[in-house]
Amino acid sequence: MRVRRVPDVKHHVNWLTICVWARNSQRFDQIKLLQASLSFYPSLVPQIPRGCIPLRDCGRIRHCQQRITSPTCVYLLTVSPPPPDENPPSSRVSYLSNDSTKATPYIMSLSRHVDPDELIKSLHDHPIHKASQNKDRFTSHITPYSSRYASSTELSKYQIPHDGAPAEVVHQLLKDELDLDGRPQLNLASFVGTYMEKEAEQLMVENLSKNLSDADEYPAMMDMHGRCVSILAHLWGVQKGEKAIGSATTGSSEAIHLGGLAMKRRWQEKRMKEGKDTSKPNIVMGSNAQVALEKFARYFEVEARILPVSAKSNYRLDPDLVKENIDENTIGIFVILGSTYTGHYEPVEEISNILDEYEKKTGVDIPIHVDGASGAFIAPFTHAKAGQKWNFELPRVKSINVSGHKFGLVYAGVGWIIWRDESYLPKHLVFELHYLGGTEESYTLNFSRPGAQIIAQYYNLIHLGFTGYQSIMENTLANARLFSRALEHTGWYRCISDIHRKKGDHTYEEGKAPYDSGETSADYNAGLPVVAFTFTDEFRKQYPHLKEDAVQNLMRAKQYIIPSYPLPPNEEKTQILRVVVRETLSLDMIDRLVTDLCNVTESMMNSDAVDLAAWQPAPRSVEKQHTSAGLPSHKKHESRRPMKEGVHRSVC
C-alpha cells in the first residue's frame with residue numbers, strides 16, 4: 001500500500017476524503033468514497049472499510065506500508081484543523097479533481113437541476129496514471145483521442161491549468177466543441193458576412209499581426225485605410241470642394257457613437273457661443289433602431305426621443321412624428337438606411353425637407369446622421385438606389401456610417417464613418433498622438449485593433465469594383481424577392497417586408513397575383529434583401545395553436561437559424577420571422593429553404609399543441625446560466641424594462 005499525502009488545499013477545514021481503488025481485470029474501479037473527520041470525530045474511524053489502514057493522525061503521516069489482499073492505492077487529502085472557537089462544518093465537503101495533487105474544494109449547493117459538469121467529473125473512470133508518481137510519461141500519445149484528455153482529464157474551463165496540454169490535443173478538442181455551434185452559412189438571422197474568397201482570406205492571415213494604431217510601422221496598410229475612406233466618400237456623393245474625413249471602426253456601433261458625439265459637441269459649441277443652456281440635449285430615432293443608437297444616448301447623456309413606428313409608416317421612422325418631437329435642444333436625427341426588423345429604408349430626403357422647413361421658421365439647424373450599417377453598401381450599387389436621395393447629395397446629411405463586415409463582404413470586425421467635410425468633426429475631439437516614432441490624428445473609441453480587415457475591405461473594393469458589387473447586391477435582392485413570393489404563394493404566410501412588390505405598392509392583399517415582371521430592383525420597392533414574414537390571418541383562424549416560435553424551433557432542428565421576434569414597440573403584438581438573404585444564400589439554397597419551410601409548416605398543421613410543446617429550444621447550459629445576466633425567452637416578461645419602453649432588442 002502506498003499512501004500519498006496531498007498538500008493543504010484550504011485552511012480551517014478538517015475533512016478527509018479517502019478514495020480506495022481496487023484492481024479489476026485491466027482497470028481500476030472506485031469501490032468506496034468515505035468522508036470522515038479523523039481528528040475531531042474519532043468515533044468515525046471504525047467506519048473505514050476493511051482493508052484500509054486505520055489512520056488516527058493524518059497530519060504526521062509520511063509513508064506507510066501494509067500488506068493487503070489486493071493492490072490498492074489510497075489518496076489522502078489532509079488539511080489544517082480549524083481554530084478552537086470554530087464549529088466543525090455541518091455540510092458535506094468533497095474534494096473533486098482529476099488530479100489528486102491539485103484538488104480544489106467543491107461545496108454541494110442546493111439546486112433544482114443536474115449540473116452536467118460535476119456529473120461527468122464525479123462519474124468518469126479514474127485511470128492508473130493518477131496513482132503514478134511520474135505522470136509526464138502518460139502525456140505521450142499518437143492521436144489526440146489516444147491521450148488522457150480524451151476520456152479522463154478535462155481541459156480546464158475557469159482557471160488556468162498548472163501544466164499545459166499538447167497543441168494538437170487542445171486544437172482538436174476545441175474544434176470538436178466548436179462543432180456544436182450553428183453553421184454560419186445557415187445563420188439566416190445575421191447581417192454579418194460569413195464568406196470571403198480564399199485570396200482575401202490569405203491576405204488577412206498574412207497580416208493578422210498588424211496593428212492599425214501603428215501607423216508609422218505599417219505605412220502601406222495606412223495608405224489602404226485612406227483609400228477606403230476616399231472610395232466610400234465618393235460612393236456616397238461627397239460634393240466638390242468638400243474635404244471628406246473619416247475612419248475605420250470596429251463596426252457600426254462604434255461609428256454611431258462617434259457620429260452622435262460629433263453632433264453633440266457641435267450643438268454644445270454653438271449653444272455656448274450664443275450663451276444658451278447646454279444641459280438638455282436630445283436626439284430623435286425610431287423604435288425600430290438597432291440598440292447601438294440608444295446606447296449612444298445613454299452612454300453620452302443625451303435624451304433619446306424614441307418614436308413609435310406603425311404599419312402606416314411601414315414600420316420605420318414616421319416623418320410626421322419627427323415634426324412634433326424636435327426643438328432647439330435636438331442635436332440631430334438618426335435616420336436608418338435599412339431597418340434591421342423589416343429591411344425598410346427610412347425616408348432620409350423627406351425628413352431632410354422637414355428639417356429645412358423647421359430651420360426656415362425657427363433658425364434651428366438640425367443635422368442628420370445616416371445609419372447605413374447595411375444599406376450604405378447596398379443602395380449605391382443597386383438600380384433601385386434608396387428610392388430617394390439619402391447621402392451627401394443632401395446638405396442636411398453630415399455623416400454616414402456603414403459596416404464593412406455586413407454587405408461590405410468582409411469578416412466581422414470593421415466599420416466605417418465618413419463626415420462630408422472636416423469642419424463637421426470638432427477639433428477638440430481629435431487627438432494628436434505621438435506614438436512609436438510618428439505623429440497621427442485619431443478619433444476613435446478604441447486604440448489597438450486589427451488591421452487585416454481594412455486590407456480585406458480594400459481588396460474587395462478593387463477586386464469587385466462597382467459592377468461586381470452591383471451584381472452581388474442585385475442577386476441578393478432577386479433571391480429575396482423569389483423567397484417572398486414563394487412564402488405568400490403558400491397562403492400560410494404574408495410578408496411584412498415589401499421589396500418583392502411593385503414600386504409604390506406596400507400592402508399585402510390576400511389572393512393578389514405576385515408582381516414578377518420587373519427587370520431590375522428599380523421596378524420594385526427599395527430596401528435591404530431581408531424577408532420579414534408572419535402567418536396570414538386565415539391561417540391563424542384555422543390553426544390558432546400554432547406560433548411563429550414553433551417554426552423557428554423546428555427549422556433549427558434542420559440547422560437553419562431563423563429568428564422569431566415581435567415588431568418594434570407599438571406593433572409588438574405582431575410576431576415575425578426574418579431571413580437575411582446574404583450572397584451565400586444562392587438560388588439552390590433558396591429552393592431547399594422553401595422546401596424545408598413548407599415541410600415544417602405542414603408537419604405543424606398535422607400536430608396538436610401537446611406535440612408542438614415538445615419542440616422547445618434547448619435549455620441554457622449551466623455554464624451559460626452562470627456567465628450571462630440575460631434571461632431565457634420564456635422569462636422575458638421578467639426583464640427590467642418592458643418591450644413597450646424603447647428599443648427592446650438587438651436584431652443585427
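**Exercise 1.** In this predicted model, find the closest N and O atoms of the salt bridge that lysine 157 forms, and name the partner.

*Solution.* Start at lysine 157. Its salt-bridge partner is glutamate 154. The closest N and O atoms are 4.0 Å apart. Now check exposure. Lysine 157 has a relative accessible area of 42%, and glutamate 154 has 33%. Partly exposed lies between 20% and 50%, so both residues belong there.

**Exercise 2.** Decide whether lysine 312 is buried or exposed, and do likewise for aspartate 318.

*Solution.* First, find the contact. Lysine 312 and aspartate 318 form a salt bridge, with the closest N and O atoms 3.6 Å apart. Next, take lysine 312. Its relative accessible area is 62%. Exposed means over 50%, so lysine 312 is exposed. Then take aspartate 318. Its relative accessibility is 8%. Buried means under 20%, so aspartate 318 is buried.

**Exercise 3.** Locate aspartate 216 and the surface patch that holds it.

*Solution.* Go to the loop between α3 (198-206) and α4 (219-235); aspartate 216 sits there. Read its relative accessible area: 45%, which is partly exposed. Now look around on the surface. Asp216 gathers with Glu217, Glu422, Glu432, Glu440 and Glu441 in a patch of negative charge.

**Exercise 4.** Which element gives the most residues to the largest nonpolar core?

*Solution.* Begin with the core itself. It has 64 residues. Trp236, Ile333, Ile368, Trp390 and Trp416 touch the most other members. Next, list elements that give two or more residues; among them are α3, α4, β10 (330-336) and α9 (452-490). Finally, pick the top contributor: α9, with eleven residues.

Conventions:
Residues numbered from 1 in each chain as written. Predicted model: local features only at pLDDT ≥ 70, side-chain atom pairs only at ≥ 80, totals over all residues. Heavy atoms only, no water. Patch = residues over 30% accessible without salt bridge, like charges linked within 9 Å, V, L, I, M, F, W, Y side chains within 5 Å. Areas by Shrake-Rupley, 256 points an atom, 1.4 Å probe, with all protein chains shown as cover. Salt bridge = Lys/Arg side-chain N within 4 Å of Asp/Glu carboxyl O. Lys, Arg positive; Asp, Glu negative; His and termini not counted. Charge placed at Lys NZ, Arg CZ, Asp CG, Glu CD. Helix = DSSP H or I, 4+ residues; strand = E, 2+ residues; numbered from the N terminus. Buried < 20%, exposed > 50% of the residue type's maximum accessible area, 1.4 Å probe, protein only. Core = buried A, V, L, I, M, F, W, Y, C linked by side-chain atoms within 4.5 Å.
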